[in-house]
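Work through the following exercises with the model open beside you, and try each task before you read its solution.

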Amino acid sequence: MSDNLSKDLYSALCAIPLIDPHSHIDAFAPTSRSLDDILGYHYYTELAHSAGMSHEPLRKETSPRDRVRAILGHMGRFDNTIQYSWFVEIAREFLGFTGDRVTVADTDTLFDAAQKTFAQPDWEKQVLQKTKLEAIFLTNEFDDELDGFDTKKYVPCLRTDSIVFHLEKANVRNRLMDATGVDFGDAQSLRKAIWKLFARFKAKGAKACAISLPPDFTPVKISDSELDRAVKALSGDSTFAKAVFGGVQFAKSIAGTSSATDASPQTAVAAGMFWMLAEHCREFELPFDLMIGVNRKVYEAGVYQGQDLFDRRTSLIQYRDLFNAFPEVTFPISVLTSGQNQELVAYAWIFPNVIPNGHWWYSNIPGYIRRDLGERLQAVPKTKQIGYYSDAYKLEFVLPKYNMYRTVLADTLAEDFVCPKRLTETEAVALGKRILRDNVREVFHV
Amino acid sequence: MSDNLSKDLYSALCAIPLIDPHSHIDAFAPTSRSLDDILGYHYYTELAHSAGMSHEPLRKETSPRDRVRAILGHMGRFDNTIQYSWFVEIAREFLGFTGDRVTVADTDTLFDAAQKTFAQPDWEKQVLQKTKLEAIFLTNEFDDELDGFDTKKYVPCLRTDSIVFHLEKANVRNRLMDATGVDFGDAQSLRKAIWKLFARFKAKGAKACAISLPPDFTPVKISDSELDRAVKALSGDSTFAKAVFGGVQFAKSIAGTSSATDASPQTAVAAGMFWMLAEHCREFELPFDLMIGVNRKVYEAGVYQGQDLFDRRTSLIQYRDLFNAFPEVTFPISVLTSGQNQELVAYAWIFPNVIPNGHWWYSNIPGYIRRDLGERLQAVPKTKQIGYYSDAYKLEFVLPKYNMYRTVLADTLAEDFVCPKRLTETEAVALGKRILRDNVREVFHV
Amino acid sequence: MSDNLSKDLYSALCAIPLIDPHSHIDAFAPTSRSLDDILGYHYYTELAHSAGMSHEPLRKETSPRDRVRAILGHMGRFDNTIQYSWFVEIAREFLGFTGDRVTVADTDTLFDAAQKTFAQPDWEKQVLQKTKLEAIFLTNEFDDELDGFDTKKYVPCLRTDSIVFHLEKANVRNRLMDATGVDFGDAQSLRKAIWKLFARFKAKGAKACAISLPPDFTPVKISDSELDRAVKALSGDSTFAKAVFGGVQFAKSIAGTSSATDASPQTAVAAGMFWMLAEHCREFELPFDLMIGVNRKVYEAGVYQGQDLFDRRTSLIQYRDLFNAFPEVTFPISVLTSGQNQELVAYAWIFPNVIPNGHWWYSNIPGYIRRDLGERLQAVPKTKQIGYYSDAYKLEFVLPKYNMYRTVLADTLAEDFVCPKRLTETEAVALGKRILRDNVREVFHV
């Protein structure tokens, strides 16, 4: 009975049009152009490399078809994974594949089918329709082009990792000066530059500010004079800055220091800029998406985008001052590990401005989603939960990823709500719609 | 089959009379007097506030009926939560409500029904009978009145947070002097005061000493001379004491310091008093309930009792010295997060004096209970587990909370024991009874 | 349907011959000689002691029969545990027991049956056949005898805890000198000694190097001159060494120190020796089994082998340098807590040389296995997972432990793969065989 119920709920959930609140879609090239775009997704290159594939097929010199053949040639080693099942679903839904399992023998057939399919002039439209995707959020660098596409469909979001964590790099500073016309050298001029960024993004329909944060990051307010000194160090002698800021100490927590002046200039800048961004989110009424927990470049010899891991020993207590200081700012929060979900549940249950947001990266597999979602639905107000985002780089991934989520959501609603008679089937679908769609609209003012 | 089995087990478990080993019941006003007492429970004010309700309806000036209306007016935003389902159950079991969902439209009906129902002279008796509640443990401040009620039914317990963590406050010190008649100013006189407290509580039938502890607390033994110095600092100039002891450093761990003298006087006092309490638990043969992991006042603008959260990075290794030093003292231990349950399981499996105790606060929802309970039943001797306590402020909550627990317990016994043929149905009920009731009697000598 | 499916899968999995990649079997006495050998397993002595049994029956002076009677006399207190069910299975499978529950009344019958059964000249052969056990890995001290048994069946593995963590002990140093003929006093001579050990073990068919590590251990490379100085301190005045290295600071992490010279000599030696072992694993092409997370002697008054616990606050980020420095070495990794499984999954998904290995010690119960296994199967390449090892001290335990695992594996394959139509039943069994057997052969070159 539970099985049929899950299926019915799943069908009903699939009928709800999607607004996807976080992705890495390029608005100027939202769909794939070849199968290489699909299998070049870091999940596949990571898994193939982890299972034994060398870097060789990933070099520019390798033809797309040969690269696809190499990855498919290793797929038999990870065809147990959920990521593999996304690919099979793409092949079946979009490429006319009718088998159950994809192997290296399917390389040419699939590659050719993809060439033909993706070349259709209305391919983007087809994918959007099949996916019932109304709008999808982007991840924009501060100097990204925001003209030339429908920002109602491809919703700009200001991604701020570089502003907070890479301001010691001359090219980031130069890009920021170019983008804002502000020749910053102290806290005040930096504030002016940031204000200009926000004004431009807001004018172009941006719906959020976003950032990913290392596990040891702890937001603290620092004074303008402290920020001044730190920024001046950064903007000064670049050799000096590199010496001071390079290496693994980057973005170390400044927890435990009563002021950020005890920390390195780079740490002080990170603290100051992060706080400044929160202030602008308040002024411009933008939610601030925090994606907490990633350490960059842990596996130095990893594939592109496949080098990041984490230290699970992180806590939302680090964000205590931030949540208290900015009651007007909504913080949709993604955590990297399922182990941190209980904190997210508890903080969202207590703090009005804390909102659980999707299932990020290493937690984006059914086992973790089932657990984390179940906990959230039992204890966090339903109006405060963003169910899911695709994190996709190409539109073709939105469907299989949301289908995975909807399968888990349907099971969860069936097992935790309908079977124990806490909700009827109709009410359960309404609860699903709320976290899948309604809350995205309300939280991000779409 | 599993469903019917669960139902049968649930019915059998519901027939077992309860002894509830932890609550915040006021023995002089154990039941609710209006619906405001029910919905004033911090779970509801927290969830309503987190979902958007201001502090306005929670002010004294607001009439109880209007406060109830305001909270019910926000309940539609958190009617997915398990806490909501407790309330529906209270309405149905105690207030004659017959619907499936409570809305703001039910305000007056329910409020009036509650007024009438709760005013019945035998209401307390009715609730006790309906709940099959034989006895319930209290949480008593050291100077609480212990005369004037049936201590077999309302069992006194000495709660010691203020003695350990708030002795820098003049009013706490004064209350302690008043309660004991001891004008303490050093370790020896403090020991005398504590002895008197224990003697009084023991004479009045107290069955446990209890305390809640922050995640970074680490018990260490300090010498009387160290405690002397720290206490003298506390008892001295109160302005000085406030300057030294105020602020966020309160109750910081002294882990890593070889003696507590390196720590602040307040930390030293906390360490010294905690150890002294353990010594008195040994002398007076009282279990020492440890509730590990809460940080107080994290959300400073939160509702009353809705400001506390936690840092999940805590470990039972911090209690290593304590468990080794007091083999004669039983420590029923509650952990705040499900993530700490495996430590609790392992420490209880190894240390004879460590006992898992219930499902506390942020872990008191079915998802966490199912997981934590399943783990405990697979690896901790059955004679060493206290299944559940209600943590209730009013008697009406004991029934729905225990029903939630019994539902999970029945499912767990069905899935993990009866279905795999490890136990018969009768044996499974006996296992349930052991952790629900028998162990409470044995561990606390009731 | 799922139930029948699980049963079918379980039967199919049970038909696969086993190669058990980690145990504590004594190749010269692989089977039990009396029931005392079975119930002397630390799980039973721990649980009995934790449930109230004194040390008295565990003394040498107690007769084996009386010791068995004492433990069985306490078993009623922990007959809910999975460890109890292993014992019932041993009694049923090997001792002709036909009941469902074992009690103290069965003492003499079982004890006598065991005497008779275990005395059969072909008992070892019977157990191996009944268990379908082809080969089992040992845990050898560096000076263990490696001649006189079939190393194809009892596969030597070099266990290195003493080399890394106990080199301050004169008897360890003396044993190492005896075993290698190298009178070491500095890094270079130590390296020569280690090389000789590896050469001997490799020649005798060793298939892995292994070590268990405390939760705060962080591998770092130290220079030979640093190691020199540290080793000289160790090899010098033994009173001095004892003073410096004794006590609880043993094997403390040196994380955060840029070189190990800031650490104690003992810590520096541990770091240096660990790194040296990894270098030899590379040279001798041996996988390096890391068993991460145990603190030794936490419960000082515990039973033999029942004193170890842990601090769950540990992270694989501590092993970042190691995984990067040794891409040619395979690291099969066991974690002590389920909470660390997500890191293990993620690190194995990214690092080619990281492999999840079994379900260790406090995580070796169905609740944790189900969760950890499900996560691994959804996200780690199937060719990179070692499903299980028995960790057994006597051969009789291999069967019930693997049966527990296979039950969970069958359920997992049914629920996560066959029911959602990701795999057919036949494919699911093949996936099971891969992680149960094929990967053991490939990873360890058996």
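**Exercise 1.** Determine which residues Leu290(A) touches, not counting residues up to four places away in sequence.

*Solution.* Taking contact as heavy atoms within 4.5 Å, one finds that Leu290(A) touches Ile211(A), Leu213(A), Phe274(A), Tyr319(A), Leu322(A), Phe323(A), Phe331(A), Pro332(A), Ile333(A) and Ser334(A). Next, place Leu290(A) in its wider setting: Leu290(A) is among the residues with the most contacts inside the largest nonpolar core, which has 447 residues, and Phe288(A), Phe288(B), Leu290(B), Phe288(C) and Leu290(C) are also listed there. Such a core is a set of buried (under 20% relative accessible area, 1.4 Å probe, protein chains only) Ala, Val, Leu, Ile, Met, Phe, Trp, Tyr and Cys residues joined through side-chain atoms within 4.5 Å.

The model is predicted, with local features needing pLDDT of at least 70 and side-chain atom pairs pLDDT 80 or more, while totals for chains, interfaces and linings use all residues. Residues are numbered from 1 along each chain as written, chains are lettered from A in the order written, and side-chain values use heavy atoms, without hydrogens and water.

**Exercise 2.** Describe how helix 4 of chain A crosses helix 6 of chain A, and which residues make the contact.

*Solution.* First, the axes of helix 4 (residues 64-75) and helix 6 (residues 107-118) of chain A come within 10 Å and cross at roughly 130°. That angle makes helix 4 of chain A oblique to helix 6 of chain A, as angles outside the ranges under 35, 65 to 115 and over 145 degrees count as oblique. Finally, Pro64(A), Arg65(A), Val68(A), Arg69(A) and Leu72(A) of helix 4 make the contact with Thr107(A), Asp108(A), Phe111(A) and Asp112(A) of helix 6.

Definitions and conventions. Axes are lines fitted to C-alpha atoms, for helices over the stretch in contact, and angles run from 0 to 180 degrees between N-to-C directions. Helices (H or I, at least four residues) and strands (E, at least two) are DSSP runs, numbered from the N terminus. Buried means under 20% relative accessible area, exposed over 50%, partly exposed in between (1.4 Å probe, protein chains only).
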